[in-house]
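Let's take a walk through this model together, moving from a few single residues to the charged pairs and then to the chain as a whole. Have the viewer open as you read.

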Amino acid sequence: MRSKVVVGLIVALVAVGLVAGFAMAQAKGGGAKLLCVSKKELKGEETVASCLAKGERFAIVDPYGLVRILSPEEIELTKAFNPKAFETRAFGIKYQKLAPPIYPLPVSPEVLD
C-alpha cells in the first residue's frame, strides 16, 4: 500500500514539473512575433514604427508558425490598442529567432473583477 502512495506522489511531482516547465517556456518567448516581410534581412537596426513609416509590410507569426500579414487598417487599430508593440526593434523573417515577442497588453483592473 505504501508503495502505491509513493508511486502516486512521484507521478504527481513529475506532472507538476512538466506543466511548470511548459509554462515557463511559453512565458520566456513563446509568444507571437511581429516580423517584417518586405525586408527579410532586418536585424533590429530600426524600430517597427520607423519601418512602417517607410512603407514596409509586417506580419504576425504565432508560436505555431501561422502567419497573418497586417493590412494598413489592422496596423492602425493595433496602434490604437497596443502602441508599445511598434516601439520594439524590427526583425525580418531571416532573423525571426532574435525577434522579441509582441509586447503584451496590460491587464486592466476591470478584467480582474
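Where is Tyr64 found? Tyr64 sits in the loop between strand 3 and strand 4. Please keep in mind throughout that this is a predicted model.

**Three loop residues**

Tyr64 has a relative accessibility of 72%, so Tyr64 counts as exposed. In sequence, Tyr64 and Ala32 are 32 residues apart, while their C-alpha atoms are 8.8 Å apart in space.

Gly65 belongs to the loop between strand 3 and strand 4 (67-69). With 47% relative accessibility, Gly65 counts as partly exposed, because exposed means over 50%. Ala32 turns up again here: Gly65 and Ala32 are 33 residues apart along the chain, with 9.0 Å between their C-alpha atoms.

Gly55 takes us to another loop, the one between helix 2 (48-53) and strand 3 (58-61). At 53% relative accessibility, Gly55 counts as exposed. Gly55 and Ser38 are separated by 17 residues in sequence, and their C-alpha atoms by 9.1 Å.

Here are the three C-alpha pairs that involve these loop residues:

| Pair | Separation in sequence | C-alpha to C-alpha distance |
|---|---|---|
| Tyr64 and Ala32 | 32 residues | 8.8 Å |
| Gly65 and Ala32 | 33 residues | 9.0 Å |
| Gly55 and Ser38 | 17 residues | 9.1 Å |

**Salt bridges**

How many salt bridges does a search of the whole structure find? The search finds five. Let's look at some of them.

Lys94 and Glu41 form a salt bridge, and their closest N and O atoms are 3.4 Å apart. This pair links distant parts of the chain, with the two positions 53 residues apart. Lys94 is in the loop between strand 5 (89-92) and helix 4 (109-112), whereas Glu41 is in the loop between strand 1 (33-36) and strand 2 (43-47). Both Lys94 and Glu41 are exposed.

Within helix 3, Lys79 and Glu76 are three residues apart, about one turn of the helix. They form a salt bridge as well, the closest N and O atoms being 3.8 Å apart. Salt bridges with shared partners also join Lys39, Glu46 and Lys54 into one network.

In that network, the side chains of Lys54 and Glu46 meet in a salt bridge at 2.7 Å, N to O. The side chains of Glu46 and Lys54 are also recorded as making a polar contact, at 2.7 Å. Is Glu46 buried or exposed? Glu46 has 16% relative accessibility, and therefore counts as buried, the cut-off being under 20%. Lys54, by contrast, counts as exposed at 54% relative accessibility.

Glu46 is placed in strand 2. If neighbours within four places in sequence are left aside, Glu46 is in contact with Lys39, Cys51, Lys54, Thr88, Arg89 and Ala90.

**Around helix 3**

Lys79 has a second role to note in the geometry: Lys79 lies over the face of Phe86, at 5.9 Å from the ring centre. At 31% relative accessibility, Lys79 counts as partly exposed. As for pairs between aromatic rings, a search of the whole structure finds zero.

Glu74 is another residue of helix 3 (residues 72-81). A polar atom of the Glu74 side chain lies 2.8 Å from the backbone nitrogen of Ser71. Setting aside neighbours within four places in sequence, Glu74 is in contact with Arg68 and Ile69.

**The chain as a whole**

Which pattern does the protein chain follow along the sequence? The order is α-β-β-α-β-β-α-β-α, made up of four helices and five strands.

The protein chain has 113 residues, and 23% of them count as buried. About 8,300 Å² of the chain is exposed, with carbon and sulfur atoms supplying 67% of that area. Among contacts with a separation of 6 or more, residues 24 or more positions apart account for 61%. The salt bridge between Lys94 and Glu41, 53 residues apart, is one pair that links distant parts of the chain.

Technical notes
Residues numbered from 1 in each chain as written. Predicted model: local features only at pLDDT ≥ 70, side-chain atom pairs only at ≥ 80, totals over all residues. Heavy atoms only, no water. Polar contact = N/O pair within 3.5 Å; in protein donor to acceptor, adjacent residues only side chain to side chain. Contact = heavy atoms within 4.5 Å. Phe/Tyr/Trp six-rings, centres within 6.5 Å; stacked < 30°, edge-to-face > 60°. Lys NZ or Arg CZ within 6 Å of the ring centre and 35° of its normal. Buried < 20%, exposed > 50% of the residue type's maximum accessible area, 1.4 Å probe, protein only. Areas by Shrake-Rupley, 256 points an atom, 1.4 Å probe, with all protein chains shown as cover. Salt bridge = Lys/Arg side-chain N within 4 Å of Asp/Glu carboxyl O.
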